[in-house]
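Here is a short, friendly walk through a structure you can turn and inspect as you read. Keep the view open beside the text.

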Amino acid sequence: MITYLGLLAGGMITGAIGSLLGLGGGVFLIPFLVLAFDLPMHQAVATSLVAVIATSSAGAAVNVERRTVHIRLGILLETMTVLGAIFGGLSANLLSGAALTRVFSALLLVVAVLMIWRSRMPPPAESPAGSGILPSSFVDGSTGSTVSYAVHRVPLTMLISLAAGNISGLLGVGGGVFKVPAMHILSRVPMKAASATSNFMIGVTAAASAFIYLSYGHVNPGVTALSALGVLTGSFAGTWLAQRLHARVITWIFALILLAVSVQLFLRQS
Amino acid sequence: MTDLPSAEEQQVQWVGGLLRTGVVLSAAVMVAGIVALLAGSTGAMDEGLRRTAAQLLNDLLDPASEQTPLAVLLLYAGLVLLMLTPVLRVLTVAVTFALEKDRRFAFLSLVVLIMLIAEIVFALS
């Protein structure tokens with residue numbers, strides 16, 4: 001009973017943190033499952049992929065109805081992320097648990113650095129609707145104004161999506177930490193649309209490799225169901241908190257936590 | 001006479017509705033599985049939870065084999081429903097683009113769907 005409650009609570013906390021930082025639960029859920037429950041790395045990755053599907057689908061339902069998702073851009077990039085995720089999922093099952101854990105700890109390091117870098121970067125100029133391709137628009141809920149934009153440098157963003165999909169399939173994270181900056185900085189998609197479109201895509205990306213993990217017997221039904229339900233619940237709380245807390249302070253705190261967890265995971269496998 | 005929704009509005013309704021239904025339904029089945037898990041005996045549950053999806057499939061196809069506890073069946077069913085939700089979302093998007101006569105994006109959606117289906121078939125074979 002305590003194990004079940006621990007999994008549920010852990011899922012809720014990691015889901016809330018991930019949602020608060022716009023990262024998704026996987027980056028925090030996997031270290032939690034490995035360090036606190038001694039779960040084998042492949043099972044932790046499989047659990048995270050299912051949790052990503054849950055939060056992505058729930059968030060996308062809301063964002064699609066708010067018209068912030070660029071569905072055409074999402075489908076275009078999904079041709080790359082799904083391909084990357086399939087190869088990521090297949091290659092992950094060729095690696096040992098120790099090797100996978102080391103690669104994951106390296107990813108945490110990269111994510112921590114990216115979080116700090118993003119918090120210090122000035123916002124890029126957003127493209128007017130007259131330039132670029134795939135024009136779209138949405139009503140910004142916070143200002144009530146209509147934001148029109150078009151997409152730039154699509155081939156480069158597709159390449160990054162391929163890599164992000166591969167990382168997602170390999171390590172069980174959503175990949176949004178790479179897709180959102182690619183869309184926002186390279187393709188000059190407004191942040192809200194980039195975040196919503198990334199969230200729309202990561203469920204499909206995760207599903208692409210989740211079935212591979214299922215076929216290898218890495219989906220523990222009890223652990224996965226409890227964690228997924230916990231992360232789903234926690235992500236709603238995280239969204240609520242995000243509106244009330246100062247972004248930069250939170251980003252720095254959790255970047256430091258990720259650095260510490262990265263080192264701990266790496267040392268565990270040495 | 002009521003105005004028909006635009007193609008874009010229809011896409012938003014169908015995609016949003018499917019995603020919401022998928023999450024709620026799969027969560028309900030998983031919760032039912034967890035309730036059954038808590039209500040069952042610890043030994044049987046622990047043994048049942050160690051059964052992989054492949055063993056579960058074998059149990060379902062072979063009536064003579066050892067039967068998987070209901071709780072585990074429900075948990076796997078909820079998880080597979082959740083995993084299929086994004087796949088069905090891609091199908092829905094493909095259909096709505098086809099109805100909108102946007103052949104380019106209907107085709108791209110189909111490409112994504114075919115990759116997903118091929119991967120699922122390969123994984124389960």
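The sections below cover the cores, one buried residue, a hairpin and chain B.

## The nonpolar cores

This is a predicted model. Its largest nonpolar core holds 85 residues, and the ones with the most contacts inside that core are A:Val82, A:Phe104, A:Leu258 and B:Leu116. Helix H3 of chain A (residues 41–65) supplies the largest share of this core, with 11 residues.

There is also a second, separate core of 32 residues. Among its members are A:Leu134, A:Val189, B:Val93 and B:Leu108.

## A buried asparagine

Have a look at A:Asn199, which lies in helix H8 of chain A (residues 191–215). With a relative accessible area of 19%, A:Asn199 counts as buried because the cut-off is under 20%.

Leaving aside residues up to four places away in sequence, A:Asn199 touches A:Thr55, A:Ser56, A:Gly59, A:Ala60 and A:Asn63.

## A hairpin in chain A

Strands S1 (residues 133–139) and S2 (residues 146–151) of chain A pair in the antiparallel sense, over five bridges. A:Val139 stands opposite A:Thr146 in S2(A).

Six residues sit between the two strands of this hairpin, and A:Gly144 takes a positive phi near 80 degrees.

## Chain B at a glance

Chain B has five helices and zero strands, giving the pattern α-α-α-α-α along the sequence. Of its 125 residues, 43% count as buried.

Among the contacts in chain B with a separation of 6 or more, 63% join residues 24 or more positions apart. The accessible surface of chain B is about 6,800 Å², and 68% of that belongs to carbon and sulfur atoms.

Note on methods:
Residues are numbered from 1 along each chain as its sequence is written. Chains are lettered from A and ligands numbered from 1 in the order in which they are written. This is a predicted model: local features need pLDDT of at least 70, side-chain atom pairs count only at pLDDT 80 or more; totals for chains, interfaces and linings use all residues. Side-chain values use heavy atoms; hydrogens and water are left out. A nonpolar core is a set of buried Ala, Val, Leu, Ile, Met, Phe, Trp, Tyr and Cys residues joined through side-chain atoms within 4.5 Å. Buried means under 20% relative accessible area, exposed over 50%, partly exposed in between (1.4 Å probe, protein chains only). Helices (H or I, at least four residues) and strands (E, at least two) are DSSP runs, numbered from the N terminus. Contact means heavy atoms within 4.5 Å. Two strands pair if DSSP finds at least two bridges between them. Accessible areas come from the Shrake-Rupley method with a 1.4 Å probe; for residues, only the protein chains shown count as cover.
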